[in-house]
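Here is a short tour of two binding sites, written for someone who likes to have the contacts laid out. Have a look at the model first, and then we can walk through it together.

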Amino acid sequence: MRVLGIETSCDETGISLAEADQNGIRVLSNVISSQVKIHARWGGIVPNLAAREHVKNIIPVLEKVFAESQASVEEIDLIAVTNGPGLIPALLIGTSAAKTLSYVWKKPLLGIHHIEGHIYANFIGANFKSTKSGFNFPVLCLVVSGGHTQLVLMKNHLQYKIVGQTLDDAAGEAFDKVARILGLGYPGGPAVSRLAAERKSEIANAKNQKELKSSIYLPRPMLNKNNFNFSFSGLKTAVLYKFKELEKNKKTKDSDSRLPIAEMAHEFQQAVIDVLVAKTIRAARQYGAKTVMLAGGVSANQELRGQLKEEVEKNLPDVEYSLPVFDYCVDNAAMIAAAACFRWSKMNAREKKKARENWKRLKTDAGLKLQSLKNNSR
Ligand code: KG4
Ligand code: ZN
């Protein structure tokens with residue numbers, strides 16, 4: 001079957017055409033129109049501006065998908081769209097487009113939770129083994145994005161239990177705020193990780209390790225708490241205080257010296273990774289996970305990808321480790337199409353028929369909760 005996925009929950013207009021068969025899910029086209037440059041001027045995402053850009057971009061993006069995939073409308077079996085959580089003005093553009101296409105083309109329509117999409121990015125392409133099971137369950141997925149930081153336990157496909165989550169800022173949000181403090185602009189994650197990588201190679205190449213010794217040490221919030229929750233707001237504030245202290249010292253002492261921004265970026269990133277990795281390993285052990293997965297925009301972070309892999313291999317040798325292909329880490333529509341393939345495969349004939357009428361009733365919800373499939377015995 002062929003699924004057209006649409007994603008407009010934040011600042012990327014994404015449309016993708018994916019094909020699912022007994023060999024797995026293949027992406028025929030995955031087009032993303034990013035608004036990063038537009039929002040960078042404002043230091044963050046402006047919801048109404050995002051909506052205006054989605055309106056402008058959505059049809060050209062759709063046309064590009066048809067051109068790239070060489071597919072025709074007749075070959076599309078299902079339309080899937082992110083209907084939450086996210087920015088309402090932005091979500092409304094994708095859902096309105098999807099409803100219109102569903103009505104005009106007479107195709108069934110499914111609303112997909114954005115985080116379900118991120119999780120199912122793991123089931124695209126090379127990582128996918130069989131349409132029946134894929135990875136061994138239970139799966140423990142560390143979801144890290146700009147709006148979410150959660151440990152999600154899945155006993156089966158589309159069955160979710162949140163066993164831990166952030167009590168304040170999401171990991172990606174912390175990266176973005178720290179980038180702003182350090183004057184690195186928006187989006188913060190890639191900028192912080194680039195600087196952190198520079199510092200890492202500086203350490204690796206240093207002849208005199210003593211000179212490189214850093215005076216910057218940041219806390220690892222909630223690392224030793226006996227639960228699987230996170231907190232990144234205090235860490236961000238610690239960066240702010242340290243930055244101000246360094247600025248003050250620079251003014252009073254040595255005005256020619258450079259602020260150790262790369263050191264700060266490196267230490268901040270490592271603090272986030274230490275907590276994420278330690279809690280994921282502990283939760284995987286406690287819940288007997290057979291697979292540990294990574295998902296969400298922050299899963300594009302090379303250090304997190306590598307360090308979690310190392311720790312899984314070291315501490316949980318029988319556990320499989322999965323992470324999305326780089327292109328499917330940050331917001332995209334292929335992940336939405338992938339999640340829809342699984343939802344569709346579990347629906348009965350009556351539910352599938354009802355989905356043809358979803359253009360009438362699909363609602364967007366900024367705070368949509370991740371919902372398990374009710375009857376997963378099929
Ligand atoms: O999943 P995503 O694209 O959008 C949301 O659903 O929020 O995630 C975006 C977040 C942003 O906060 C961004 O700074 C972060 O992912 N991010 C990164 C990296 N690339 C993107 N954070 C750390 N390192 C990266 N390389
Ligand atoms: Zn996302």
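Let's begin with the backbone of this predicted model: an oxygen atom of ligand 1 lies 3.0 Å from a polar backbone atom of glycine 189. Two other glycines make contacts of this kind, glycine 146 and glycine 147. Here are the three distances from a ligand oxygen atom to a polar backbone atom:

| Residue | Distance to an oxygen atom of ligand 1 |
|---|---|
| Glycine 146 | 2.8 Å |
| Glycine 147 | 3.4 Å |
| Glycine 189 | 3.0 Å |

On its own, ligand 1 has 550 Å² of accessible area, and the protein covers 87% of that. The space that ligand 1 takes is the largest pocket. Helices α4 (114-120), α5 (171-181) and α6 (188-205) are the elements that each give two or more residues to the shell around ligand 1.

That shell holds 17 residues, and the closest are His118, Gly146, Asp176, Gly189 and Gly297. Sorted by class, 10 of the shell residues are polar, 5 are nonpolar and 2 are charged.

Now for the metal. Which protein residues are donors of the zinc ion (ligand 2)? They are His114 and His118, each through NE2, and Asp331 through OD, at 2.0 to 2.1 Å from the ion. Along the chain these donors follow the spacing H-x3-H-x212-D. Histidine 114 belongs to helix α4, while aspartate 331 sits in the loop between β10 (320-322) and α10 (334-345), so this pair ties together parts that are 217 residues apart in sequence. His118 appears in both sites: it is a zinc donor and is among the closest residues to ligand 1.

Notes. Residues are numbered from 1 along each chain as its sequence is written. Chains are lettered from A and ligands numbered from 1 in the order in which they are written. This is a predicted model: local features need pLDDT of at least 70, side-chain atom pairs count only at pLDDT 80 or more; totals for chains, interfaces and linings use all residues. Side-chain values use heavy atoms; hydrogens and water are left out. A residue is near a molecule or strand if one of its heavy atoms lies within 4 Å of it. A polar contact is a pair of N or O atoms within 3.5 Å; within protein, one must be able to donate a hydrogen and the other to accept it, and residues adjacent in sequence count only if both atoms are side-chain atoms. Accessible areas come from the Shrake-Rupley method with a 1.4 Å probe; for residues, only the protein chains shown count as cover. On a 1 Å grid over the protein atoms alone, a cavity is a set of points where a 1.4 Å probe fits but cannot get out, and a pocket is an open set with protein on both sides within 12 Å along at least five of seven lines; lining residues have an atom within 4 Å of a point. A molecule sits in a cavity or pocket if more than half of its atoms lie within 2 Å of its grid points. Helices (H or I, at least four residues) and strands (E, at least two) are DSSP runs, numbered from the N terminus. Ala, Val, Leu, Ile, Met, Phe, Trp, Tyr, Cys and Pro count as nonpolar, Asp, Glu, Lys and Arg as charged, and the others, Gly among them, as polar. Donors are N, O and S atoms within 2.8 Å of the metal (3.2 Å for Na, K and Ca); water is not among the atoms, so sites may look incomplete.
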